[in-house]
Amino acid sequence: MKRRRGSHPELGCLRAWAAESRALVYRWRAARFSGPGGAAAREMRQQRGAFGKLLLKMRGLPAALPALPLELTVLYNSLLFTMGASDSAIKEAAEGICQGLLRVLEACGACGQDLSTEELWQKVLQEVTVEDLQAPLHRLGALQAAWWLAARRLGSTAGLFRLLSKAEDSGRARCSEGENELLSLLKAWQVPAEEASLPLVQSAKDLKEILCTAAAFLQGLWMQELEAGNFPTALSLLQEAAGGFCSKMVLSQIYTCLGCCAQRMGKPQTALQHLKRALQVDFQCLPALSHVAAVYHELGETDAELQALALLYEALQKNPPAAASPSPHFLIRTELLVHTPILASLLRHHHPSEVKYLLAQRCLQDGRVADAVEHYLDFLALLQEGPQQQVPLDGDSPLPRIPEVFLEAASALEQAGGHHDAITLCEEVISRTTDLIPRMLRVEERLQQPECPLPGTGLSQQKESLCCLAWRAAGYLHQGWAWATLGESKEAIMQFSRCLGDLLRVQICGTAENLLPEVEVLQKIRLLSLIGRGTQFLELGKHTEALLDFQHSLQISPGDPAAAPYLVQALWKLDRKQEAAALWQKFSQTPPGEERQGRPVPLYLASCVQRAAFPGHEALAGSIRDYLGTPNGDSAS
């Protein structure tokens, strides 16, 4: 392409602008290593403004080839401050880069106004052959690559470095089989030398290392997110990133992602090694600690899991996670370029309330009732402290709905002997859900329901009503069992009856196989309440009423291992021993596991399931064997 003829700035102007640019760079180099972080941030803003003013002065004149190396260098330095300001400000650089390329074409007598950014780069790199412009253009290309990586435009980034490599040597950047093309292109790119007369606020060599690390990190995350079966490749790319040029914070994040990748590959011990390495690099990488707890949970090592959660809670209480302050050493950093949904999910910081709940939940699941009570009460106290303790119930939060937490706490209190406190907590749930339940609910089969119903639709409203009904009924159920434990059979029967009365509001249309999950929970509550009320009728000697409840419970769940022996016992007490023995033999001959297995019950119902288990199995079996005159081995018990 021919050079454009015309006037150009006087040599004195160029010298003055070059001197001003050098002074700004030297001032930044001195300021970034002195003073607190706030001073460095102020200096960044001042430098950004100063380079911007210098660039405006240079662009006040028509583009001319003698001035372009300096202008592009000033643009490079200016954009470094723009892009380094924050992860959102990095997007502002795109327009500045395009303006620089258009100035190059203008100086060469060409036009590129209607071209896309990719086409603009292709035109400039293929047609502009002026030797003095190659180094500034390559440095500007590195900034373009940073912007494209931040926007996850990996294909555009690879295309740009193909052009840059072709401009240097068409054969050098070829990718061997099994090698990652983008990383090969980046590594093959020859960094232009920095001229002493035109210093840079961040060298292109450092920028290349950061681009390589970011490219490996991004592609490792991409493989985890989109290529479910390509974890080995993801692991290899993340290991490449771990050996790259980055801060301790980013390195700990990479090791955290390596741990999560290994966990998904079914290698929990390898995952623990990576996660512990993340904590060794930066103990403030608290997401790594939460993943350690998750791996221990997967391994069934409850003590280690609870220890990790306790450490996480303590760390969050002492030092809540804060946004990382910009590093004064490098304006473009890996953390500014790597932003993906999967990374945000993997590095999600848990709220202290979430961790406290996890401690309570795990203790309750493991039967550590006293510890569970303590953690649940601490959690409920945190909720009373104010809005700062309110945790958004997004898809990643481990917290269930608050009424379920109350019911779980009531379950823990009941198991620990705090029956009156449990009754009080349940009353809170009952009172707060009463006005949210319609008089009647008609529930159809689970047919063609959307996975995520839109708010305000009939289905979502119905499911919300079913949830409220389940919580209220569960509250009555827990109260019934609590009063039964206290020896207050009449009060217990009243609460069980209220539970059953609430459940009469639901009209279920459909087969058992097609029920909504919420309806299955209601069915389980109905079964447990009938068993509970039946046992209290037995306590009061009302065997006929007990028999009716146990028969009804078996209609709800035929062959249920909890309800069947109660029915036999009721018949036995009514002196209908022949019927009782026949039923016992029928139930005893049912192979284990033949009963229909539904979903696991919610945690807040687990203690009720345990309470409903028939306690006198061996004694009843012995009585029936004696009645039938059979030896111990002839009838299953």
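Which residues does Leu343 touch, once those up to four places away in sequence are set aside? In this predicted model, the answer is Phe217, Leu221, Cys257 and Val338. Leu343 itself belongs to helix 16, which runs over residues 341–346, and its relative accessible area is 7%, so it counts as buried, the limit being under 20%. Of the residues it touches, Leu221 is distant along the chain: Leu343 and Leu221 are separated by 122 residues in sequence, yet their C-alpha atoms lie 7.1 Å apart in space.

That pairing can be set against the figures for the whole protein. Of the contacts with a sequence separation of 6 or more, 69% join residues that are 24 or more positions apart. The secondary structure consists of 28 helices and two strands, and of the 637 residues in the protein, 51% are buried. As for confidence, the mean pLDDT is 86, with 84% of the residues reaching 70 or more. Two stretches call for caution when the model is read. Over residues 447–457 pLDDT stays under 50, and the model has nine contacts for this stretch beyond four places in sequence; over residues 632–637 pLDDT likewise stays under 50, and here the model has 11 such contacts.

The packing of helices can be followed from the N-terminal part of the chain. Two packed helices are described by the angle between their axes and the distance between the axes. Helix 1, residues 11–31, packs with helix 3, residues 68–84, at an angle of about 30°, the two axes being 11 Å apart. Angles under 35 degrees count as roughly parallel, and helix 1 is therefore roughly parallel to helix 3. The crossing of these two helices is left-handed. On the side of helix 1, the residues that meet helix 3 are Leu14, Trp17, Ala18, Ser21, Val25 and Trp28, and their counterparts in helix 3 are Leu70, Val74, Asn77 and Phe81.

Further along the chain comes helix 6, where Gln144 is found. Is Gln144 buried or exposed? Its relative accessibility is 0%, so Gln144 counts as buried. Leaving out residues up to four places away in sequence, Gln144 touches Ile97, Thr117, Trp121 and Leu160. The loop between helix 6 (131–150) and helix 7 (154–168) holds Arg152, whose backbone deserves a closer look. Most residues other than glycine have a negative phi. Arg152, although not a glycine, has a positive phi of about 60°, and with a relative accessible area of 35% it is partly exposed.

A second helix pair is formed by helix 17, residues 352–365, and helix 18, residues 369–383. Their axes come within 8 Å and cross at roughly 155°. That angle makes helix 17 roughly antiparallel to helix 18, because angles over 145 degrees are counted so. The crossing in which helix 17 passes helix 18 is left-handed. The residues of helix 17 that meet helix 18 include Tyr357, Leu359, Gln361 and Leu364, while those on the side of helix 18 include Ala372, His375, Tyr376 and Phe379.

Within this pair, Gln361 can be examined on its own. It lies in helix 17, and at 14% relative accessibility Gln361 counts as buried. The C-alpha atoms of Gln361 and Ala372, residues 11 apart along the chain, are separated by 6.9 Å. When residues up to four places away in sequence are not counted, Gln361 touches Tyr376 and Leu603; of these, Tyr376 is among the residues of helix 18 that meet helix 17.

Toward the later part of the chain stands helix 23, residues 517–539, whose 23 residues reach 33 Å from the first C-alpha to the last, close to the 33 Å expected at 1.5 Å a residue. This helix is mostly covered, since 19 of its 23 residues are buried. Helix 23 is followed by Gly541, which has a positive phi, near 80°.

A positive phi also appears in Asp575, a residue other than glycine, where the value is near 65°. Asp575 is placed in the loop between helix 25 (563–573) and helix 26 (577–588), and its relative accessible area of 57% makes Asp575 exposed.

Methods:
Residues are numbered from 1 along each chain as its sequence is written. This is a predicted model: local features need pLDDT of at least 70, side-chain atom pairs count only at pLDDT 80 or more; totals for chains, interfaces and linings use all residues. Side-chain values use heavy atoms; hydrogens and water are left out. Helices (H or I, at least four residues) and strands (E, at least two) are DSSP runs, numbered from the N terminus. Buried means under 20% relative accessible area, exposed over 50%, partly exposed in between (1.4 Å probe, protein chains only). Contact means heavy atoms within 4.5 Å. pLDDT is the predictor's confidence in each residue, from 0 to 100. The expected span of a helix is 1.5 Å times one less than its number of residues. Axes are lines fitted to C-alpha atoms, for helices over the stretch in contact, and angles run from 0 to 180 degrees between N-to-C directions. Angles under 35 degrees count as roughly parallel, over 145 as roughly antiparallel, 65 to 115 as roughly perpendicular and the rest as oblique. A crossing is left-handed if the near helix is turned anticlockwise from the far one by less than a right angle, and right-handed if clockwise.
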